[in-house]
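This briefing covers strand order, helix packing and a charged pair in one protein chain. Please read it with the structure open.

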Amino acid sequence: MNLQEVLKRALELDGSDLFILPGSPMMVKCKGDMVPLTDTLTAQDAGEVIREIYALAGNRGTEVLDEQGDDDFSFSLKHLARFRVNVYRQRGSLAAACRAVAFGLPDPKARHIPDQVMDQVDWQNGMVLVTGPAGSGKSTTLACMIDRINENRVGHIITIEDPIEYLHRHKQSVVSQREVPNDAPTFARALRGALRQAPDVIMLGEMRDHETMQIAITAAETGHLVLSSLHTVGAAKTVDRIIDAFPPTQQQQIRIQLSMVLRAVVSQRLIPMIGGGLTPVFEVMTVTPAVQNLIREGKTHQMDNVIYGGANDKGMLSMDNELIRLVREKKIDKATAIAYAINGDMLRRRLV
């Protein structure tokens, strides 16, 4: 099969990621399993496939790959799907990972995104963070949130991504989508520019460094709604990750600023189900006055107790409660729930 046939087959299998590496067949990740789609590739085979990828991306040049050793971009198969791709060097040869992104925008109900998550788009200003490990669906959740805003609010939405995954049409709002590094060299530069482009909502694909975080906090302070993601698990680790990115002399000031602008932290993970496949599980922490005090005072380790106590009546979701619900619905087993729990010992006792 040529590359386009392989990609079509991966989509037919409902695969999420295609891996192209020398010494292995092209492998697609399907519901937690790896499925081979071709014979074993040589280094030359892999190089030829990757040249096809660059051709599909509009004959994109390899300058970034040559200079930095890896390259992020996206490409499309007409009428089928878009793919987010990372090409990289390994052991002196080329390899790539391609993630499938449907042309249409995802349906939050079909993706099992709860109302407590989608309700976070009702904020008029401040910062909402979507967090989780790589491949847990953060980009999909953010795309659903932006689409909800686009359908219900009049304004200007700016997305800054690396690369652009979901394409948004203009609805009630107009949407500008900028890609790093094609449209701007860095997230920080694009974010600074966004503040001069009369935005109402800014979606930042990822906050990678303290400069970007500082500008994002400033944008949230000045009346914009900022949505972004971080590779952290849990609200407490998310707050600590932001604070720790700054020099010690600035950390107390950042605590104060963050306590004022942060509106919610959504954490999500994909959990293996009984019988195969994956299901998402979410935690939602809304920033109440009690949470604001914990952030200012550096007592983030107490946040899990606040989330657990605020579940149901304050729009919060506890990840451990959600894991228990999935066990009782017979979607996941007890061992899996305990392995993914925030407090495994407590969850074990509750499942007895």
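Arg99 and Asp17 form a salt bridge through their side chains, with 2.9 Å from N to O. Arg99 belongs to strand β6 (residues 93-102) and Asp17 to strand β1 (residues 17-20), so the pair ties together parts that are 82 residues apart in sequence. The model is predicted, and its salt bridges come to 16 by the rule used here.

**The six-stranded sheet**

- The strands β1 and β6 that carry this pair run antiparallel and are joined by four bridges.
- Within this pairing, Ile20 stands opposite Ala96 of β6.
- Both strands belong to an open sheet of six, in the order β3-β2-β1-β6-β5-β4, with antiparallel pairing.
- The edges are taken by β3 (33-36) and β4 (70-77); each has a single partner strand, so one side of each is left without a neighbour in the sheet.
- On average, neighbouring strands in this sheet are turned by 25° against each other, direction ignored.
- Helix α2 (residues 43-56) lies across β1, β4, β5 (81-90) and β6, and runs at about 45° to β6.

**The seven-stranded sheet**

- Seven strands make up another open sheet, ordered β9-β8-β10-β11-β7-β12-β13, and here the pairing is mixed.
- At its edges stand β9 (174-179) and β13 (278-286), each with a single partner strand, so one side of each is left without a neighbour in the sheet.
- The average turn between neighbouring strands of this sheet is 15°, direction ignored.
- Strand β12 (residues 262-272) runs antiparallel to β13, and nine bridges join the two.
- Val266 has Val284 of β13 as its bridge partner.
- Helix α5 (residues 138-152) lies across β7 (126-131), β8 (156-161), β9, β10 (201-204), β11 (225-230), β12 and β13.
- The direction of α5 is at about 170° to β11.

**Packing of α7 with α9**

- Helix α7 (residues 210-221) packs with helix α9 (residues 251-261) at an angle of about 45°, and the axes are 10 Å apart.
- Angles from 35 to 65 degrees fall outside the parallel and perpendicular classes, and α7 and α9 are therefore oblique to each other.
- The crossing of α7 past α9 is left-handed.
- From α7, the contact is made by Gln214, Ile217, Ala220 and Glu221; from α9, by Ile254, Gln257, Leu258 and Val261.
- Sorted by class, the residues of this contact are five nonpolar, two polar and one charged.

**Packing of α9 with α10**

- Helix α10 (residues 289-296) also packs with α9: their axes come within 8 Å and cross at roughly 170°.
- Angles over 145 degrees count as roughly antiparallel, and α9 and α10 are therefore roughly antiparallel to each other.
- On the α9 side, the contact is made by Gln252, Arg255, Ile256, Leu258, Ser259 and Met260, and on the α10 side by Gln292, Ile295 and Arg296.
- The contact of α9 with α10 holds four nonpolar, three polar and two charged residues.
- Leu258 of α9 is listed in the contact with α7 and also in the contact with α10.

Notes
Residues are numbered from 1 along each chain as its sequence is written. This is a predicted model: local features need pLDDT of at least 70, side-chain atom pairs count only at pLDDT 80 or more; totals for chains, interfaces and linings use all residues. Side-chain values use heavy atoms; hydrogens and water are left out. Two strands pair if DSSP finds at least two bridges between them. Axes are lines fitted to C-alpha atoms, for helices over the stretch in contact, and angles run from 0 to 180 degrees between N-to-C directions. Contact means heavy atoms within 4.5 Å. Angles under 35 degrees count as roughly parallel, over 145 as roughly antiparallel, 65 to 115 as roughly perpendicular and the rest as oblique. A crossing is left-handed if the near helix is turned anticlockwise from the far one by less than a right angle, and right-handed if clockwise. Ala, Val, Leu, Ile, Met, Phe, Trp, Tyr, Cys and Pro count as nonpolar, Asp, Glu, Lys and Arg as charged, and the others, Gly among them, as polar. A salt bridge is a side-chain nitrogen of Lys or Arg within 4 Å of a carboxyl oxygen of Asp or Glu.
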